[in-house]
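User: I am new to this structure and would like to know how its descriptions are reached. Please take me through the reasoning.

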Amino acid sequence: MLLALLAGALVLATAHFASAASPSKFVAPKPFGSGLLKWPADIAVDPADGDLLVADKGTDSVWKFSAAGAYLGQLGSSGSRAGEFNGPSTVQLDSQGNIWVGDSGNHRIQKFSPEGEYLLKCGSLGAAAGQFSIWGPKGIAVDSADSVWVSDYSGRVQKFDASCKYQDQFGSKGTGRGQFVESAGIDVGPDGRIWVSDWKVNHRVSVFSEAGEFLFSFGSQGSGRGRFSHPDGVEVDAVGNVWILDSGNGRIQRFDQAAKFKGQFGSRGARKGQFRFAWPSGLTSDAEGNIWVTDPGNDRIQRWPR
């Protein structure tokens with residue numbers, strides 16, 4: 001089944017901040033026009049109710065939809081103040097339902113309550129490790145202890161606690177074992193292992209232990225099975241399937257825990273009803289095993305049923 005939410009332009013007639021001291025919460029303006037989304041970059045599913053949260057770069061917002069595609073609200077607007085975004089690139093939920101958003105253009109992570117109330121931020125432009133040094137966050141993963149793992153343009157992954165206190169990091173810029181040219185999608189599996197895609201030059205996925213030790217990598221540039229062109233989103237589902245969004249090839253590939261190829265779906269294009277994608281970037285799974293994919297080149301969300 002294919003679910004395309006909405007595509008095209010949006011005009012809003014409401015402000016999202018009362019003042020700098022009144023951070024953003026979800027609001028529900030009445031949209032009009034032919035659609036809402038403009039380059040949806042990533043997606044998360046709330047396990048409590050199945051609602052979808054979509055980080056949309058083109059509107060500098062996080063949109064909220066029901067699983068049936070009904071519009072529920074919007075979080076954020078363009079800017080650099082608390083609760084505002086500049087190209088939100090990734091969105092994840094922790095065990096408490098808090099919303100973590102990678103605010104790429106502002107080089108920071110922002111944390112919101114389940115209702116969309118701004119809580120805190122961490123990061124600013126920089127390449128050194130630490131709380132105030134994030135260079136264009138590309139991916140976020142939250143593990144079972146609610147530690148937050150962030151991949152960024154510097155070719156590394158950093159670990160923060162729930163209060164944004166820096167804990168650790170691994171990876172460096174390069175093409176060697178455990179290195180990245182551009183670390184992108186990231187997820188933490190049920191066993192604690194960390195899976196990270198390398199979007200540029202290396203075109204591969206690397207796997208690390210819970211302690212950040214390099215274990216192995218797989219994939220290389222190409223279009224055959226088990227090969228990638230600009231791999232982006234990574235999802236390890238509840239039963240251990242590893243889904244890799246093969247962005248340049250317009251498809252999603254599935255692997256087992258040993259990185260053995262198990263299947264694929266999708267191809268490049270724009271036609272509805274046939275799982276066509278234009279530079280898909282984010283994916284996630286829901287409690288029923290469905291796979292949700294952001295399709296930014298087509299300004300839509302698609303669902304692959306389990």
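Analyst: A term to settle before the pockets: Ala, Val, Leu, Ile, Met, Phe, Trp, Tyr, Cys and Pro count as nonpolar, Asp, Glu, Lys and Arg as charged, and the others, Gly among them, as polar. By that division, the lining of the largest pocket holds eleven nonpolar, eight polar and ten charged residues. The model is a predicted one.

User: What makes a residue part of the lining of a pocket, and which lie nearest the centre of the largest pocket?

Analyst: A lining residue has an atom within 4 Å of a point of the pocket. For the largest pocket, 29 residues line it, and Gln92, Leu93, Val142, Glu235 and Val236 lie nearest its centre. The space in this pocket is about 780 Å³.

User: Which strands each supply at least two residues of that lining?

Analyst: They are strand S1 (40–45), strand S5 (88–93), strand S13 (183–188), strand S17 (231–236) and strand S23 (283–285).

User: What is the volume of the second largest pocket, and which residues are closest to its centre?

Analyst: Its volume is about 390 Å³. The lining has 23 residues, with Ala41, Ser89, Lys138, Asp232 and Ser281 closest to the centre. By class, eight are nonpolar, nine polar and six charged.

User: Where does the largest share of the lining of the second largest pocket come from?

Analyst: S17 gives the largest share, four residues. At least two residues each come from S1, S5, S9, S13 and S17.

User: Why is Ile134 called buried?

Analyst: Buried means under 20% relative accessible area. Ile134 has 0% relative accessibility, so Ile134 counts as buried. Ile134 sits in the loop between strand S8 (118–122) and strand S9 (137–142).

User: How far apart are Ile134 and Gln158 in sequence and in space?

Analyst: In sequence, Ile134 and Gln158 are 24 residues apart; in space, their C-alpha atoms are 8.6 Å apart.

User: How many helices and strands does the protein chain have, and what share of its residues is buried?

Analyst: The protein chain has zero helices and 25 strands. Of its 306 residues, 59% are buried, by the under 20% cut-off applied to Ile134.

User: What share of the contacts with a separation of 6 or more joins residues 24 or more positions apart?

Analyst: A contact means heavy atoms within 4.5 Å. Among contacts in the protein chain with a separation of 6 or more, 45% are between residues 24 or more positions apart.

User: What area does the protein chain expose?

Analyst: About 12,000 Å² is exposed, and carbon and sulfur atoms supply 50% of it.

Technical notes
Residues numbered from 1 in each chain as written. Predicted model: local features only at pLDDT ≥ 70, side-chain atom pairs only at ≥ 80, totals over all residues. Heavy atoms only, no water. Buried < 20%, exposed > 50% of the residue type's maximum accessible area, 1.4 Å probe, protein only. 1 Å grid on protein atoms, 1.4 Å probe; cavity = no way out; pocket = protein on both sides within 12 Å on 5 of 7 lines; lining within 4 Å. Points joined across faces, edges and corners; volume = space filled by probe spheres on them. Areas by Shrake-Rupley, 256 points an atom, 1.4 Å probe, with all protein chains shown as cover.
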